Structures are given as C-alpha cells and as structure tokens.
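Please look over the sequence and the model below before reading on. The text is meant to be followed alongside them.

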Amino acid sequence: MAKIGVMSFAHMHAYAYAEALKSLPNADFAGVWDDDAARGEAAAKLYGVPFTADMDAFLGGGLDGVIITSENMKHRAMVEKAAAAGAWILCEKPIAPNTEDAAAIVAACKQAKVGLGTAFPCRFIPALTQVKDQLDAGGLGALYAASCTNNGQFPGGWFADEALSGGGATMDHTVHVADVLRWFTGKEFTKVYCENGNLLREGINTDDIGALHLEMDGGLVVSHIASWNRPQSFPTWGDVTMELVGERGVVNVDAFNQKIDVYDDEAGKGAWAYWGGDPNRSLVNDFIAAIHEGREPAATGVDGLRAVEVTEAAYASAKSGAMAEVKRLAI
Amino acid sequence: MNVAIIGCGGMGRMHAQMAANSGFAIKVCADLNQAKAAELARDFGAEATTDCQGVCGRAEVAAVAINTPTPTHLEFIKLAAQHGKHIFCEKPLARTEQECKEAIAAARDAGVKLFTGHVVRYFQEFETIKQQMDAGVVGKPGFAKTFRGGISPAGEGNWFRDFEKSGGVIFDCLIHDFDWIRYAFGDVERVFSQTMRRSEPEVMEYALVTLRMKSGVIAHVIGSWAHPSGFAVKAEVCGSKGMLHFDSNDTSIQTNLRETPGEGPGVIVPGSPVDVSPYQLEWEDFKNWLEGATPRVSPQDALEAVRIAEAALKSAETGAPVTL
Ligand SMILES: NC(=O)c1ccc[n+]([C@@H]2O[C@H](COP(=O)([O-])OP(=O)(O)OC[C@H]3O[C@@H](n4cnc5c(N)ncnc54)[C@H](O)[C@@H]3O)[C@@H](O)[C@H]2O)c1
C-alpha cells in the first residue's frame, strides 16, 4: 500500500486522479492539502479523507508520494517541499511554466533521490499505445511529417490568468502532443515557429489559440494546434488528434474517438459518452507501481522539462516573429 | 455563344460539360494530344484540333476555356485576349505573380473578361460555412483550419508531379483554400509554411501552412499529396461563441468497390451529391459576368491567391515567415 496525498485541487485533473486513488487496490489515498482551504476541505469531504491546512504537517505525515495539481506557477515551490520530505512526486503538466522552474524541479527530485513523474496520461491512451506499437514494429516505415491538435473548451479561472498559469492555450495544450511525438519517435524537437493570440475569449490576459510549426531531429516536420477553441456547446471537452505521414502510408489517430452519440431532450444538445480506456487511472497506477518498484514513472520529470522547452521556445517565437531554437538544458 | 476548349484532360472534359449545360456551344476541342481532343470533340459534336494556339483566333469562337497545365495558361490568355475572346481559365491563373499580372493586363487592354476557376467559392459546404459565419453563428471568428488532399495526382505526362510545372501541393491544391480563406476572412498579413517533399518511395508532398490574416485571425492550412489513396476536404471555423466543422469523409454516399485482382484498386466516389455542381455555378457566374453582373471571383482575387501561394513556397524554403 502506497500512502498518497493530493496537493491542491486547483487543476480539475485532481478529481480524476483522486478517483483513481480511491479505486486502485494498492493505493491509500491518505489526505488532501490545499492553499485554498475551502476547496481542499470540500475535496477531502468528497473522497472521505482528511484535510490538512498546514503543508509541513501534511508532508510530515509519512506520505510515500504526492500528486501535485496546483496552478502551474506554484508547482516548483510545492515540488521542492515534497521532495525534501522524501515523497515521490507526480506533477501535473506542464511541469512548470518555464524551463527555469522545470529544471529546478528536476534537480530538487534528483537531489532528494525521489522519483518524479509528469502527468502525461496520453502515454496510457490505448489508441496512442497501439500507434506507438505500430510505429515501433515499422508498420508505417519512416515517419516524415505529422499534423496534430490538442483542442479544448475554454477552462476559465486561473488557466487564463498569466500570473498563475504563466501562459494560455499554447502552454496548456502543447505539452501533451510534444511528449507523445518524443515518445513515438525517440527524437527531440529542434525548432519551433508559433502564431498565437487571444482571438476567441474576451477579458483574459493569455492566448487562447496557438498554431505551431515544429521541426524534430532529422528534419521531421510537424504542425500542431494548441487551443481553447471548442465552444461550451461542443459535445465534449476537446481532442488529441494526429495525422502521421510515413513511408508506407498515413495513420490518423483521434485519441478519444471511442464514443456513443447521446441525444437527451433535457440536456438540450447532443453529447458523447466515452467508452474507451481510462488513461488517468493508468497514469496513477504507473505512479504507484513506480513507488513500489523504486523506479521513475513512465513519463519522467525530464520528459516534462523537454516539453516545457518546446512551449518556452513557442512563446519566444510568437514574440520575436521568427523561428526559435528549442534549447535543450543539460541535466 | 461558341466556346473553344483548350486542354482536353480531366478538367477540360468537366468544363465542356458545364459550358454546354450553361447554354454555350462547344465549337472546337484543342489538345496537343490528338486522341484526347478527338474523344472530347466527338462527345460534344465539336471539331478536334491540335492547333491549340490557332483556336484562340477563330472568328466563330467568342470565349475560350483554358484547362491546360498551369505554366501554359499565360500564353493562351494573351493569345485569346489579343483576339478579343473572353476567357475562362482554370486555377492557378498563371504560374507566377508576374505572369498573373501580365495575364490581367492583357485582358484589361483587350477589354475581355478573365474568369479564374476558384471553384471552392462555389462549393455548397464552403458557402454554407461562410453564410453561417456571416450570420454571426460563431460570434467573432478567431481561427480556421482546412485540409485538402489525398493521393498524389499525375496528370498528362506526370505534369502535376513536376514541381516546376505545377508548383506542388501548395501552389496547385492549397491555392483553393488560400483563395477561400481570403474570401471569407479578408487579406493575409503573413505566411509561414513547412513542406515535406519526397521522390522516394514515390512522389509525395505534405504541406503545413499558417496564414495570419490582417484581422488577426489565424488560419492553418494542411495539404497532402502524400496519402496512399483517396481525396478528402475538411474545414473548421472557431469563434467567440461557436464553431463550424465539415469533413468530406462524413458524407451521404460512400462507395467501396471490391478490388478485383488484375484490375487495380476500386474507386472511392468522393463528394456530396448536390442539385447543381459547383463547377456549373462557376459557369453560370462567368455567363452572368459576360451579361454585365459582377462575378464572385475577380482577376485580382486570382492574383492574390497566387501571391499567398508563392509566399508559402518561399517560407517553406527559407524557414522564415513571409509578410505580404
Ligand atoms: N478546379 C479544380 O477542381 C481543378 C482540379 C484539377 C485540376 N485543375 C487545374 O486545371 C488545369 C488542368 O488540369 P487537369 O487535371 O485537367 O490536367 P490533365 O493533365 O488531366 O489535362 C491537361 C491536358 O492539357 C493537355 N496539354 C498539355 N500541354 C498542353 C499545351 N501546351 N497545349 C494544349 N494542351 C496541352 C494535355 O494533353 C492534357 O490533355 C490545371 O491548371 C489544374 O491546376 C483544377
């Protein structure tokens, strides 16, 4: 049994991870800490676990691991505390709003000799793991190009407040696909060009659309749309899609396209009932297994850092108007 | 009114039919390939010839339809204009911006109408997207995305696969989307583009283009001549309060013919059945222009589409955005 605490319910994914902790047989959901006491208490009550308002007391409670689901800007301080307390860490993506914080997070965990995972549930989506197997088996031959999307509904709240998020849709919705492409190909990103802006939602101070053009080692060309462009009336939260163009053909993957069309007069709009795998549960399961086995989680802190290097370069490009180099930090 | 069809390949046959439907008489069919000219001429009760330049000067011909490979458009436009013939020309209007300017000047000086077949403006699905958008359904538009492509086309003598001739997927195929995006969202501020072009294991190209409009709207345009089969079109527009989405794979007819050994692959019948073909609507617009109405596509529009396509090609080559 691994004793796991959740730090902050600022990010809505916290609820999915909490559900996973409740349902996994080898996990003991030990408690909640949150800098927003009302939110933390409500979540603790929801899952029938204790809430601790004092972070040091919380981390001193003999936890084997923590899941950090705070605002991006607060990740670093929480990771540093949790690592010092000896807890293994699963940190929400993006692991940090900038490479400086991301590198510090990786270094803190290395120094404390605790495992660090980045919450990249895409690595556990059955559709994507099958494509990975297909690529590894050479089914598509060499990969030449890809066009991808990670679209979403507007999340509101701190996501669109730069002081807490560090950036908008380009930051929120680039890292998943960046990580999947690194995982698929074993290659690193070298350059990025980005057009972005606040073009859809009024009254926010971040971008809500990003169009990225990326290059990977060996000249692989990739485009990616990172967006909050799905309206509230859209049947689901958004998507992760990829068109992979290779030597032997084309693979189109729409990672969450396992759905039943639902029409309910009372709902007033069509909806999709998803019946595919539960990647969040698999992600948490891997984190628990990593603690038991004393290994790094499947997607490591370094994977999180590499993805942040891409978003940082994307913002640099959007600002300069030129293609930006993705600077790979030594770790 | 008598029409000469110049270039009797895939589009030549299409336009002969559309012109005939719109009440034009197909007088002569011209192609360097005698057999192709003869076959089309027989079907339309016309005369066949390989003297393609000569038909531009025929007294009995009032308009020409140019359906030859793109680099030959300018020569035929100039000849037809000199002889006072109205012109229906397939897109791209000509192979370069400079050539387009010469073509437009030739038509203007001769006082003839020069129509360019930017047919996407007449496709019902695209027109519906524009109407919905103009009616305010998505609120303020901020983002658009299109996809167009499929298997790499060959054409007579493989001219589509010769970059010098066709300009590849960006110049030949995505020019449709560049034109429609400009029609729907106004002028382009700058263009960034990447392309994957290969000759092995076969000729293929995949292009990723982002247009930043003067209005701020971001339009992402994907083109493929890299798919192993088929042809598809997709379009999406997102705004402050809604979105519009179309995918030709989700259509009212899907025919999947059994592949018989030795007969090659079965054909997937694309497209949506409509009352009036968009190619017919083009010809109606051309005809109405000859009678004094304003057409949906102006010569300047055709030139602007070529400018965007050339900017995309330049960006793909230099790795830098190109401001128009
Ligand atoms: N609007 C559309 O949907 C669409 C679709 C395909 C092609 N096009 C455009 O239409 C034009 C023709 O394309 P296509 O698909 O019909 O090509 P095609 O190869 O099928 O036909 C071209 C024809 O022109 C003839 N030809 C070649 N050089 C010639 C010359 N110098 N003089 C006279 N005839 C000549 C060839 O013999 C051939 O019959 C191109 O500009 C292309 O970009 C438009």
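What follows goes from a chain as a whole to three single residues.

The structure is a predicted model. Chain B holds 10 helices and 13 strands. Its radius of gyration is 20 Å, close to the 20 Å that the globule rule gives for 324 residues, so chain B is as compact as a globular protein of that length. Along the principal axes, the C-alpha atoms of chain B fill a box of roughly 55 × 55 × 40 Å.

Of the 324 residues in chain B, 52% are buried. The accessible surface of this chain amounts to about 13,300 Å², and carbon and sulfur atoms own 49% of that area. Among the contacts in chain B with a separation of 6 or more, 67% join residues 24 or more positions apart.

Chain A supplies the single residues. Ile67(A) sits in strand 4, which spans residues 65-68. Its relative accessibility is 1%, and because buried means under 20%, Ile67(A) counts as buried. Leaving out residues up to four places away in sequence, Ile67(A) touches Ile4(A), Gly5(A), Val6(A), Met7(A), Tyr17(A), Leu21(A), Leu90(A), Val284(A) and Phe287(A). From Ile67(A) to Trp88(A) the C-alpha separation is 8.5 Å, with their positions 21 residues apart in sequence numbering.

Val308(A) belongs to helix 11, residues 301-320. With a relative accessibility of 0%, Val308(A) is also classed as buried. Its contacts, again without residues up to four places away, include Pro94(A), Ile95(A), Ala96(A), Pro97(A), Asn98(A) and Thr99(A). Val175(A) and Ala102(A) are touched by Val308(A) as well. Ala102(A) is 206 residues from Val308(A) in sequence, yet the two C-alpha atoms are 7.4 Å apart in space.

The last residue carries a charge. Asp207(A) is located in the loop that links strand 8 (189-197) to strand 9 (209-216) of chain A. Where is the nearest side chain of opposite charge to this buried residue? It is that of Arg212(B), 9.6 Å away, and Asp207(A) has no salt bridge. For comparison, a salt bridge needs the charged atoms within 4 Å. The side chain of Asp207(A) does reach the backbone nitrogen of Gly168(A), at 3.1 Å. Gly168(A) is also one of the residues in contact with Asp207(A) once neighbours within four places in sequence are set aside. Others in that list are Gly167(A), Ala169(A), Thr170(A), Asn196(A), Gly197(A), Asn198(A), Trp228(A) and Tyr315(A).

Key. Residues are numbered from 1 along each chain as its sequence is written. Chains are lettered from A and ligands numbered from 1 in the order in which they are written. This is a predicted model: local features need pLDDT of at least 70, side-chain atom pairs count only at pLDDT 80 or more; totals for chains, interfaces and linings use all residues. Side-chain values use heavy atoms; hydrogens and water are left out. Helices (H or I, at least four residues) and strands (E, at least two) are DSSP runs, numbered from the N terminus. Buried means under 20% relative accessible area, exposed over 50%, partly exposed in between (1.4 Å probe, protein chains only). Lys and Arg count as positive and Asp and Glu as negative; His and the chain ends are not counted. A polar contact is a pair of N or O atoms within 3.5 Å; within protein, one must be able to donate a hydrogen and the other to accept it, and residues adjacent in sequence count only if both atoms are side-chain atoms. Contact means heavy atoms within 4.5 Å. The radius of gyration is taken over C-alpha atoms; the globule rule is 2.2 Å times the number of residues to the power 0.38. Accessible areas come from the Shrake-Rupley method with a 1.4 Å probe; for residues, only the protein chains shown count as cover.
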